[in-house]
Amino acid sequence: MTSSKIEIPGEVKTDAAALMASLQLMPSPLPNPEIKYTKIFINNEWQDSVSGKVFAVYNPANGEQISEVQEAEKADVDKAVQAARLAFTRGSVWRKMDASERGRLLSKLADLVERDSVYLATIESMDSGKPFLPTLFVDLQGTIKTLRYFAGYADKTHGTSIPMDGEYLTFTRYEPIGVCGQIIPWNFPLMMTAWKLGPALACGNTVVLKPAEQTPLTCLYMGSLVKEAGFPPGVVNILPGFGPTAGAAIASHMGIDKVAFTGSTEVGKLIQEAAGKSNLKRVTLELGGKNPNIIFADADLDLAVEQAHQGVFFNAGQCCTAGSRVYVEEPIYEEFVRRSVERAKRRTVGSPFDPTTEQGPQISQEQQSRILELIQSGISEGAKLECGGKALGLKGFFIEPTVFSDVRDNMRIAKEEIFGPVQQIMKFKTIDEVIERANNTEYGLVAAVFTSNIDKAMTITTAMQAGTVWINCFNALSTQCPFGGYKMSGNGRELGECGLKEYSELKTITMKIVAKNS
């Protein structure tokens, strides 16, 4: 699940003709794929919305409508919560199921995703604008690995025995929280579905999940695979809809015991507030980032330039982990900028279904306009536009790969999460200076450092106020490793063993015994 290096099987070709020949051997997207599921998925059944409303889903590469999808609102959330609560009732099939059987169902779900991976990658590319090959080899593989990882953990969440004072036997056990509301973003729809479903189902919870309104299609298809895998009715419910209606209903619902959200810090605050004002439901939030990437003069410059490039431009810059604040030590600053500009100019922007495309469109015209406005703010505030800066003259919501130099920390482009293909390169002189500047942000999701000096590397990693710090790499994410942020980048952790704890209640059980025998 490492986005800084897309691992495509086979020998790397450097000759243009050989490269094109090798691309012919790659899996191809399906031509004119059928959109099979556009309704609400409740209780293992496909249903129309209570209101009868639908909304359109668009292809960001050309702006054309793909399909219409049923629009869930509060009444639909109520139905889904009722189904999820029934499935979670004491004595239900799901509650009596062996933990190892839950793991088998999750493993089966992973197998079905693998079986249909080309179809899913095609729909994901069409719905989100992500290039097909990276979607197939990064997103789909990450989805499959996440489901299999948590499948293996289903029967391994062990409690402990505790040597309590007195004549008592004490032990702990992990129990499912209950009905979990989950709200996922549009930038990694399939992978975020797996990040949410995997630990929740492994621990025995039931789920009411809302995909982003921009990208609901692959998540809805996952509903069909959930049913095919054999999950009991009501365990997984999927409701396409909008944040202010369906999302707000999930966050404030008295029948939901926990809510997990990935998205903007602004919306995360609203969700935490709604959770507190309702039933004080458990909350995990994975929110925004304005992440520092620190390049020392002793770093491998070729590696640092390429990793910094991928760290910003991967997925058209639409990543919460984007390393958009690049701090470069003064002696190599000019050379780093020159090479970064050259690399950005070589970046291939185009159709998601062209195998040579590195960068597709932004998700929507609204997002494209917001990014272009921030680029203009950088120009007006005095940053040097080295390349890019404009919408591409293509049908769809494309933006040129953009690089700024001479960026000051108080500029909007250095403070706000752009969520687009815009790289800001700043200069620093001392390690203490760059630590202070890197931490001077409301966010704390990830950070990175490039250096050949282990002392510098460890000084930076321990000083950074961030949930993840990479040394001589970027976006090195894996399902085994906990992921989450400090400060306003959220709370709680996803993935790894820590991710399971977010979907469990810990119960202490103490029994009086006749005689103690240590």
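Where is the place of Lys39? Lys39 sits in the loop between helix H1 (16–24) and strand E1 (40–42). Helices (H or I, at least four residues) and strands (E, at least two) are DSSP runs, numbered from the N terminus.

Before going on, a word on what you're looking at. This is a predicted model, in which local features need pLDDT of at least 70 and side-chain atom pairs count only at pLDDT 80 or more, while totals for chains, interfaces and linings use all residues. Residues are numbered from 1 along each chain as its sequence is written, and side-chain values use heavy atoms, with hydrogens and water left out.

**Around Lys39 and Ser67**

Back to Lys39: its relative accessible area is 34%, so it is partly exposed. That label covers the range between buried (under 20% relative accessible area) and exposed (over 50%), with a 1.4 Å probe and protein chains only. Leaving out residues up to four places away in sequence, Lys39 touches Trp46, Gln47, Asp48, Gln70, Leu220 and Pro240; contact here means heavy atoms within 4.5 Å. Glu71 is 32 residues from Lys39 in sequence, and the two C-alpha atoms are 8.2 Å apart in space.

Ser67 belongs to strand E4 (residues 64–70). At a relative accessible area of 12%, Ser67 is buried. Not counting neighbours within four places in sequence, Ser67 is in contact with Ile35, Thr38, Phe55, Ala56, Val57 and Leu217.

**Helix H8 and its partners**

Leu217 also turns up in a helix pair. Two packed helices are described by the angle between their axes and the distance between the axes. Helix H5 (residues 117–128) packs with H8 at about 155°, and their axes are 9 Å apart. The axes are lines fitted to C-alpha atoms, for helices over the stretch in contact, and angles run from 0 to 180 degrees between N-to-C directions. H5 is therefore roughly antiparallel to H8, a label for angles over 145 degrees (under 35 is roughly parallel, 65 to 115 roughly perpendicular, and the rest oblique). On the H5 side the contact is made by Tyr119, Leu120, Ile123, Glu124 and Asp127, and on the H8 side by Leu217, Thr218, Tyr221 and Leu225.

**Salt bridges**

How many salt bridges does the structure hold? There are 34, each being a side-chain nitrogen of Lys or Arg within 4 Å of a carboxyl oxygen of Asp or Glu. Here are three of them:

| Pair | N to O distance |
|---|---|
| Glu228 and Arg115 | 2.8 Å |
| Asp155 and Lys156 | 2.8 Å |
| Arg339 and Glu335 | 2.9 Å |

Glu228 and Arg115 bridge distant parts of the chain: Glu228 is in helix H8 (residues 217–229) and Arg115 in helix H4 (residues 99–115), 113 residues apart. Glu228 is partly exposed at 41% relative accessibility.

Asp155 is partly exposed at 37%, and Lys156 is partly exposed at 43%.

Arg339 and Glu335 are 4 residues apart in helix H12 (residues 333–346), so about one helical turn separates them. Arg339 is partly exposed at 24%, and Glu335 is partly exposed at 28%. Both take part in a network of salt bridges that links Asp302, Glu335, Arg338, Arg339 and Glu342.

**The seven-stranded sheet**

There's an open sheet of 7 strands with mixed pairing, in the order E14-E15-E16-E13-E12-E18-E19. Strands count as paired if DSSP finds at least two bridges between them. Strand E14 (384–387) and strand E19 (468–471) are the edges, each pairing on one side only. From one strand to the next, the twist averages 20°.

Strand E15 (residues 402–405) pairs with strand E16 (residues 422–428) in the parallel sense over 3 bridges, and Phe404 stands opposite Gln424 in E16. Helix H13 (residues 365–380) lies across E14, E15 and E16 and runs at about 25° to E15. Helix H16 (residues 454–463) packs on the sheet too, touching strand E12 (292–295), strand E18 (446–450) and E19, with its direction at about 170° to that of E19.

**Cysteines**

The disulfide count is 0, using a cut-off of two cysteine sulfur atoms within 2.5 Å. For Cys219, the nearest cysteine sulfur is that of Cys180, 15 Å away. Cys219 is buried, at 0% relative accessible area. For Cys473, the nearest is the sulfur of Cys481, 10 Å away, and Cys473 is partly exposed at 23%.
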